[in-house]
Amino acid sequence: MVDIMKYNELKLTELKEKIKDCNGAYRLFCIDVDDVLFDIIPVMQKVLASIDYRATNKYREEISKETSEDAKAEFKKSYLILDAILEEHKCIIENDEGKKEKLDFSKPLIDYEKFYVDENLFPLAIEFIKFMILNKSKNDFFIFVSHRNPVREAIIKTRRLYELVPEIDGIITPPFHEEIGAEQMSNKGLFVMQILELDNLDNCILIDNSKSNGIRWRKSALTLHKE
């Protein structure tokens, strides 16, 4: 059986060399996966509701209608629970009675195999990517860049993406947060530059549904030019 992560590492090494050979005359298309290729939100929200309703979007929508300090605290608590579930660790929150509540989500509770299935693909998403790759210019390259939580999610996602688009030039799956339990989200642009040894993002195009990812990407590019 092929070690998919080792295979992907070799693909990225090969891509790095191809980009170097272009002497700056290339384009790198970096394509997001969750909610761009796969309609993940409905599946994830259903799973979260079965684990702890307080981690769901619906719960946050309910409490966002209030403006009290209690509502603000509950909103923050919701994200603490959500992050603990996704990153599979323990957390301590304060319950409605003001007492400490210990939650342990260190045991994996999410089956990511059920996320990345054909039924959850957006219509024509894969066909469109294959069309772009088929009609690319000589020095155009395509990779998937998608956040992951546990490492096993990255493995499942990487394997599935190569099954769907074997022509892809590589897959990068940075952890969602810079550190487990932290709030700061990992910057996709910085990971792309680090792994592919790029000096800037001038020739890189991000295709992503997340506004925050786009903002981080743009800020990274602007900061590099200032330096």
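**Pockets, strands and ring pairs**

Biologist: Which element gives the largest share of the lining of the largest pocket?

Modeller: The share in question is 6 residues. Keep in mind that this is a predicted model. In it, those residues come from α4.

Biologist: What is the volume of the largest pocket, and which residues are closest to its centre?

Modeller: The volume is about 980 Å³. The lining counts 37 residues. Closest to the centre are Asp35, Leu82, Leu86, Phe176 and Met185.

Biologist: Which elements give two or more residues to the lining of the largest pocket?

Modeller: The pocket, again, holds about 980 Å³. The elements that reach two or more residues are α2 (41–51), α3 (57–63), α4 (69–87) and α8 (211–226).

Biologist: How many residues in the lining of the largest pocket are charged?

Modeller: Split the lining by class. Nonpolar residues number 14, and polar ones 11. The charged residues number 12.

Biologist: Which element gives the most to the lining of the second largest pocket?

Modeller: This pocket has about 210 Å³ of space. At least two lining residues come from each of α4 and β2 (90–94). With 6 residues, the top contributor is α4.

Biologist: By class, how many residues of the lining of the second largest pocket are charged?

Modeller: The lining consists of Asp70, Ala73, Glu74, Lys76, Lys77, Leu80, Ile93, Glu94, Asn95 and Asp96. By class, 3 are nonpolar and 1 is polar. The charged count is 6.

Biologist: Which residues of strand β6 point to one face and are buried?

Modeller: Side chains alternate along β6, residues 204–207. Ile205 and Ile207 point to the other face and are not buried. The buried pair is Cys204 and Leu206.

Biologist: Which residue of β6 stands opposite Cys30?

Modeller: Strand β1, residues 27–31, runs parallel to β6. The two are joined by 4 bridges. Opposite Cys30 stands Leu206.

Biologist: Is Cys30 buried or exposed?

Modeller: Its relative accessibility is 0%. Buried means under 20%. So Cys30 counts as buried.

Biologist: How far is the sulfur of Cys204 from the closest cysteine sulfur?

Modeller: Cys204 is also buried, at 8% relative accessible area. The closest cysteine sulfur belongs to Cys30. A disulfide needs the sulfur atoms within 2.5 Å. The separation is too far for a bond, at 5.1 Å.

Biologist: How many disulfides does a search of the whole structure find?

Modeller: Cys204 and Cys30 form no bond, because their sulfurs are too far from each other. The search covers the whole structure. Its total is 0.

Biologist: What kind of aromatic pair do Tyr7 and Tyr162 form?

Modeller: The structure holds 7 aromatic pairs. In this one the centres are 5.1 Å from each other, and the planes differ by 75 degrees. Planes over 60 degrees apart meet the cut-off. The pair is edge-to-face.

Biologist: How many residues apart in sequence are the parts that the Tyr7 and Tyr162 pair ties together?

Modeller: Tyr7 lies in helix α1, residues 4–21. Tyr162 lies in helix α6, residues 151–164. So the pair ties together parts whose separation in residues is 155.

Biologist: Which of these two, Tyr7 at 34% or Tyr162 at 7%, is buried?

Modeller: The cut-off for buried is under 20%. Tyr7, with a relative accessible area of 34%, is partly exposed. At 7%, the buried residue is Tyr162.

Biologist: Which residues do ring pairs link into a cluster?

Modeller: Aromatic pairs total 7 in the structure. Ring pairs link into a cluster Phe38, Tyr112, Phe115 and Tyr116.

Methods: Residues numbered from 1 in each chain as written. Predicted model: local features only at pLDDT ≥ 70, side-chain atom pairs only at ≥ 80, totals over all residues. Heavy atoms only, no water. 1 Å grid on protein atoms, 1.4 Å probe; cavity = no way out; pocket = protein on both sides within 12 Å on 5 of 7 lines; lining within 4 Å. Points joined across faces, edges and corners; volume = space filled by probe spheres on them. Nonpolar A, V, L, I, M, F, W, Y, C, P; charged D, E, K, R; others polar. Buried < 20%, exposed > 50% of the residue type's maximum accessible area, 1.4 Å probe, protein only. Pairing = 2+ DSSP bridges. Phe/Tyr/Trp six-rings, centres within 6.5 Å; stacked < 30°, edge-to-face > 60°.
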